[in-house]
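Grab a pencil and open the viewer. Here are some short exercises, each with a solution worked out in steps.

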Amino acid sequence: MKFDISAVDLYYGNFHAIKNISLGIAPQEITAFIGPSGCGKTTLLKTLNRMNDLIEGFSVKGEILLDGNDIYEDRDVNLLRKRVGMVFQKPNPFPMSIYDNIAFGPRTHGIKKKTLLDEIVERSLKQAAIWEEAKDRLKKSALSFSGGQQQRICIARTLAVEPEVLLMDEPTSALDPISTAAIEDLLIKLRDKYTIVIVTHNMQQAMRISDKTAFFMLGEMVEYGNTEKLFSKPKEKKTEEYITGRFG
Ligand SMILES: Nc1ncnc2c1ncn2[C@@H]1O[C@H](COP(=O)(O)OP(=O)(O)OP(=O)(O)O)[C@@H](O)[C@H]1O
Ligand SMILES: [Mg+2]
């Protein structure tokens with residue numbers, strides 16, 4: 001599925017968090033959002049599956065099309081969130097067992113058969129590189145796991161419903177290098193089937209896995225293009241300063 005974002009402005013009350021952004025997000029590619037803290041990456045990402053709807057004072061101007069349909073005109077937000085899954089910056093497992101965390105989405109969508117749920121749980125935990133640590137503790141509370149393990153449980157929970165788009169907000173910032181590499185490998189594998197957007201503060205990560213990169217500053221998109229080009233030959237001075245570590 002593809003996103004066409006055109007002339008989008010996002011506001012928290014009077015605060016103008018995202019300013020007139022137009023951007024296409026293509027399927028079978030990984031798009032990275034980079035930029036200094038507070039520039040609006042999470043705000044824009046959450047808007048793509050309407051996770052900001054509940055924030056008081058939040059408003060959207062412009063148009064966000066998903067395969068041609070305006071996501072803010074479609075009334076079925078649950079369907080949107082099934083198709084567009086999100087992994088948050090901070091791990092947020094539900095206060096229930098690992099098994100129930102992963103089975104939660106599939107159950108909501110009507111899957112009841114135990115053998116099928118077992119399969120989904122195992123497949124998702126394996127994909128998220130947490131199966132080995134979790135397989136003997138499936139009935140234990142997800143909250144009894146470490147932060148990095150919880151993040152991988154949350155990634156598994158998102159994958160369990162087989163979304164078509166994956167939005168990932170700094171999914172590896174709490175992970176060790178081995179789990180980070182596993183998640184990066186997973187994203188590269190999933191790229192063939194999914195549309196993936198990843199927010200990252202890790203330039204190497206953006207270079208390793210993304211096809212396109214968008215660089216934001218103070219709510220504006222400074223530069224967008226092929227990752228390799230943007231990092232090797234940025235068009236804008238600000239981009240160059242940021243990626244070479246001169247600020248941010
Ligand atoms: N719920 C909210 N209410 C009001 N302002 C908010 C809210 N959430 C974020 N903001 C503001 O919007 C701006 C963009 O925030 P956002 O979280 O999108 O930044 P970010 O690029 O994801 O930063 P980071 O890299 O630190 O995660 C910031 O100035 C932030 O303070
Ligand atoms: Mg953020």
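Two strands count as paired if DSSP finds at least two bridges between them. Helices (H or I, at least four residues) and strands (E, at least two) are DSSP runs, numbered from the N terminus.

One heads-up: this is a predicted model, where local features need pLDDT of at least 70 and side-chain atom pairs count only at pLDDT 80 or more, while totals for chains, interfaces and linings use all residues. Residues are numbered from 1 along each chain as its sequence is written, chains are lettered from A and ligands numbered from 1 in the order in which they are written, and side-chain values use heavy atoms, with hydrogens and water left out.

**Exercise 1.** Find the bridge partner of Phe215 in E10, then work out how E9 sits among its neighbours.

- Step 1: Phe215 has Glu223 as its bridge partner in E10.
- Step 2: E9 and E10 (residues 220-226) pair in the antiparallel sense, over six bridges.
- Step 3: Look at the hairpin they form; two residues lie between the strands, and Leu218 takes a positive phi near 45°.
- Step 4: Now turn to E3, which runs parallel to E9 and is joined to it by four bridges. Here Ile34 stands opposite Phe215.
- Step 5: Check burial (buried is under 20% relative accessible area, exposed over 50%, partly exposed in between, with a 1.4 Å probe and protein chains only). Six of the six residues of E9 (residues 212-217) are buried, so the strand is largely enclosed by the rest of the structure.
- Step 6: Lys212, Ala214 and Phe216 cover one side, with Thr213, Phe215 and Met217 on the other.

**Exercise 2.** Describe which residues of H7 are buried and which exposed residues sit on the face turned away.

- Step 1: Ser179, Thr180, Ile183, Glu184, Leu186, Leu187 and Leu190 are the buried ones. They line one face of the helix, because they fall within an arc of 160° seen down its axis (the arc is that of the directions from the helix axis to the C-beta atoms).
- Step 2: Pro177, Ile178 and Lys189 are exposed on the face turned away from the buried side of H7.

**Exercise 3.** Which residues coordinate the magnesium ion (ligand 2)?

- Step 1: Thr42 (OG1) and Gln89 (OE1) do, at 2.0 to 2.7 Å. Donors are N, O and S atoms within 2.8 Å of the metal (3.2 Å for Na, K and Ca); water is not among the atoms, so sites may look incomplete.
- Step 2: Thr42 is in H1 and Gln89 in the loop between E6 and H3, 47 residues apart.
- Step 3: Thr42 is partly exposed at 22% relative accessibility, and Gln89 is partly exposed at 35%.
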